[in-house]
Amino acid sequence: MIGTAKPGLDISITGLGCKVPDRVVTNEELSQYVDTSNEWIMERTGIRERRIAAKEEALSDLALPAARDALAQAGLTGADIDLIIVATVTPDMAFPSTGAIIADALGAKDAAAYDLSAGCTGFMYALAQAYGMLAGGLAQRALVIGGDVLSKILDWSDRSTLVLFGDGAGAVVLQAVPQQGFLAFELGADGAGGKSLWLPGSGSRFFEDPERFVKMNGREVFKFATRILVQSAEDILAKCDLSIDDVDVYIPHQANVRIIEHATRKLGVPSDRVVINVDRYGNTSSGSIPLALADALADGRLRPGQLVLMTGMGAGLTWGSALMRWTMEAAA
Ligand code: ACO
């Protein structure tokens, strides 16, 4: 699906926060657990290190501080929020939802709160959904959280997946603003590709082998990722009568530097407009885009008035882009 913002209805991000676990795990450390090397990981993925949650740390332990920072930046409290969406494939548990846990912790007593599952694209789906609810008048102020603790569902003896992922979460506040914010969204799903990236034993489907670890066909996902990052970006820009030259800041899903470089080359985005932090965090799934937004805001690359293109992709297989004029100043 693809759609542009309702004319005269300006909705934007007014607060942003993020949180990663304290523990840094380098490629050298991973080579103690599996047969791999810093050279292999750097050459194939560009990932140098990632953050890994402690045994007792769950998604809400990362999402809550991120949410508190986002609220503080927006000048709001939990009580002001009437919608909380947590995009994740690693909630604290299947139920209650992490959204409900967060609502309780923040004192968001009047909020609808739930989790959303769209693989690594979850944050983009959640942004679009929150936008739709605000634009439709169902909610006034939304908290959208994207985060995952994938280290808990990785097979720590499988080198083909272990080296790619990390843990982290980000949160944004969405509300009406006086100037233009979101311009358009483009979302999609291709369930036929689902077998390329899946988590057996995680739901009601019975498997002979109940091993509950991420399974991935890396080459298929690579092909999908390089194609869809380009296609989704081109589609959303065309829908808005804009071109890639108009984009000031490009934030692709942080899965692999090779995938990002391929997409930016095909799209023709100059490298100084591309935000990359996969080298420090690995692929944090739904945390990837909000973490990158926070980095770009902190280092001064993201400024009010700039055109920002974000594209996520992941399990499903799913994808999603958002195009917006940035409206928020960095925190002093
Ligand atoms: N260390 C050393 N060797 C390894 C490792 C490792 N960590 N992993 C695989 N290898 C070996 C393989 O066993 C293979 O050995 P062989 O030739 O003896 O069989 C060799 O390296 C090459 O393996 P390939 O899978 O062909 O390597 P490729 O160049 O395709 O890179 C990679 C693999 C990095 C996984 C790549 O396919 C990729 O990035 N795919 C996309 C993955 C991804 O981004 N997934 C998540 C996106 S969606 C989401 O975010 C949820």
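**Backbone geometry and the ligand site**

In this predicted model, D241 is placed in the loop between α7 and β12 (249-252), and its phi is positive, at about 55 degrees, although the residue is not a glycine. Most residues other than glycine have a negative phi, and most peptide bonds are trans. Two cis peptide bonds can be described alongside this residue. One of them joins F95 and P96, with omega at about 5 degrees, and P96 belongs to the loop that runs between β5 (83-87) and α4 (98-106). The other leads from G316 to L317, where omega is near -10 degrees; L317 is found in the loop between β13 and β14 (318-325).

The ligand occupies the space of the second largest pocket. Among the elements of the protein, α2 (38-45), α6 (159-162), α7 (218-239), α8 (257-267) and β13 (307-314) each give two or more residues to the shell around the ligand, and α7, with four residues, gives the most. Because residues of this shell come both from domain 1 (6-176) and from domain 2 (182-325), the ligand lies between the two domains.

The shell consists of 23 residues, of which R44, C120, R219, N256 and N283 come nearest to the ligand. When the shell is divided by class, ten of its residues are nonpolar, eight are polar and five are charged.

Several side chains place polar atoms at short distances from oxygen atoms of the ligand. For R219, which is also listed with the residues that come nearest, an N or O atom of the side chain is 2.5 Å from a ligand oxygen atom. In the case of N283, likewise one of the nearest residues, the corresponding distance between a side-chain N or O atom and an oxygen atom of the ligand is 2.6 Å. H253 contributes a polar side-chain atom that lies 2.7 Å from an oxygen atom of the ligand. With regard to cover, the ligand has 1000 Å² of accessible area on its own, and the protein covers 74% of this area.

Terms used
Residues are numbered from 1 along each chain as its sequence is written. This is a predicted model: local features need pLDDT of at least 70, side-chain atom pairs count only at pLDDT 80 or more; totals for chains, interfaces and linings use all residues. Side-chain values use heavy atoms; hydrogens and water are left out. A residue is near a molecule or strand if one of its heavy atoms lies within 4 Å of it. A polar contact is a pair of N or O atoms within 3.5 Å; within protein, one must be able to donate a hydrogen and the other to accept it, and residues adjacent in sequence count only if both atoms are side-chain atoms. Accessible areas come from the Shrake-Rupley method with a 1.4 Å probe; for residues, only the protein chains shown count as cover. On a 1 Å grid over the protein atoms alone, a cavity is a set of points where a 1.4 Å probe fits but cannot get out, and a pocket is an open set with protein on both sides within 12 Å along at least five of seven lines; lining residues have an atom within 4 Å of a point. A molecule sits in a cavity or pocket if more than half of its atoms lie within 2 Å of its grid points. Ala, Val, Leu, Ile, Met, Phe, Trp, Tyr, Cys and Pro count as nonpolar, Asp, Glu, Lys and Arg as charged, and the others, Gly among them, as polar. Domain bounds come from an automatic or database domain assignment.
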